[in-house]
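Biologist: I am new to this structure. Please show it, and then take my questions in turn.

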Amino acid sequence: MTGPWWITANELLAFLLELAALALLSWWGFSTGANAAVRIVLGLGVPSAAILLWALFAAPKARLKPALPLVLLVKALVLGGSAAALYALGHHAAAIVMAVVVVANTTVAETFRRRHPVRPEPPAAV
């Protein structure tokens, strides 16, 4: 990855937020529902749906290359959904912090990806 160090740090934070989102969505799913079957379906199904949406629309190497508004919508659903899940689990302050960090991180990432596009490193001389 090329560019200023803080862009790389922001990209690392974005990846960690994405992993946290999957964990939070799973935690919420396994904690919600009237019986064990519903909890299992939600605990496995919600993060699986998030992974599918992300892979299709929001990942750096997404299968589809939608316009920015759709990418941001998917990010809002997955990352915002994870903050909402954290809130629903009773961790209100942490959910607010997560939401603020997600918005700041996504804003910086989407703004500076256009100014400093990620280019592959040139191959090392052999």
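Modeller: This is a predicted model. Start with T106: at 15% relative accessibility, T106 counts as buried, because the cut-off for buried is under 20%.

Biologist: In which helix does T106 lie?

Modeller: T106 touches L72, K75 and L79 once its neighbours within four places in sequence are left aside. As for its own place in the chain, T106 belongs to helix α4.

Biologist: How far is the backbone oxygen of V102 from a polar atom of the side chain of T106?

Modeller: Such a pair of N or O atoms has to lie within 3.5 Å to count as a polar contact. The backbone oxygen of V102 and a polar atom of the T106 side chain are separated by 2.8 Å.

Biologist: What is the overall pattern of the protein chain, read along the sequence?

Modeller: The protein chain has four helices and zero strands. Read from start to end, its pattern is therefore written with helices alone: α-α-α-α.

Biologist: Why does the end-to-end distance of helix α1 agree with its number of residues?

Modeller: Helix α1 covers residues 5–31, which is 27 residues. The expected span is 1.5 Å times one less than that number, so the helix should span 39 Å. The C-alpha atoms at its ends are indeed apart by 39 Å.

Biologist: Which residue just after α1 takes a positive phi?

Modeller: Within α1 itself, the buried residues include I7, N10, E11 and A14. Just after that helix, a positive phi of about 115° is found at G33.

Biologist: How many aromatic pairs are there, and of what kind?

Modeller: The count comes to one aromatic pair. The rings of W6 and F112 have centres 4.8 Å apart, and their planes stand at 90°. Planes over 60 degrees apart count as edge-to-face, so that is the kind of this pair: edge-to-face.

Biologist: How many residues apart in sequence are the parts that this pair ties together?

Modeller: W6 lies in helix α1, while F112 lies in helix α4 (residues 92–115). The pair therefore ties together parts whose separation in sequence is 106 residues.

Biologist: Is W6 buried, partly exposed or exposed?

Modeller: The relative accessibility of W6 is 33%. Buried needs under 20% and exposed needs over 50%, so W6 counts as partly exposed.

Biologist: Which helix gives the most to the largest nonpolar core?

Modeller: That core has 18 residues, and W54, V74, V78 and M98 have the most contacts inside it. Each of α1, α2 (36–58), α3 (68–88) and α4 supplies at least two residues. With seven residues, the top contributor is α3.

Biologist: Which residues does V78 touch, not counting those up to four places away in sequence?

Modeller: V78 is among the residues with the most contacts inside the core. Beyond four places in sequence, V78 touches A21, L25, A50 and W54.

Biologist: Is G43 buried or exposed?

Modeller: G43 lies in helix α2, and leaving aside neighbours within four places in sequence it is in contact with S26, G29 and F30. Its relative accessible area is 1%, and the cut-off is under 20%, so G43 is buried.

Biologist: What share of the residues of the protein chain count as buried?

Modeller: The protein chain exposes about 7900 Å², of which carbon and sulfur atoms supply 75%. Of its 126 residues, the share that count as buried is 26%.

Key:
Residues are numbered from 1 along each chain as its sequence is written. This is a predicted model: local features need pLDDT of at least 70, side-chain atom pairs count only at pLDDT 80 or more; totals for chains, interfaces and linings use all residues. Side-chain values use heavy atoms; hydrogens and water are left out. Buried means under 20% relative accessible area, exposed over 50%, partly exposed in between (1.4 Å probe, protein chains only). Rings of Phe, Tyr and Trp (its six-membered ring) pair if their centres lie within 6.5 Å; planes under 30 degrees apart count as stacked, over 60 as edge-to-face and the rest as tilted. A nonpolar core is a set of buried Ala, Val, Leu, Ile, Met, Phe, Trp, Tyr and Cys residues joined through side-chain atoms within 4.5 Å. Contact means heavy atoms within 4.5 Å. Accessible areas come from the Shrake-Rupley method with a 1.4 Å probe; for residues, only the protein chains shown count as cover. A polar contact is a pair of N or O atoms within 3.5 Å; within protein, one must be able to donate a hydrogen and the other to accept it, and residues adjacent in sequence count only if both atoms are side-chain atoms.
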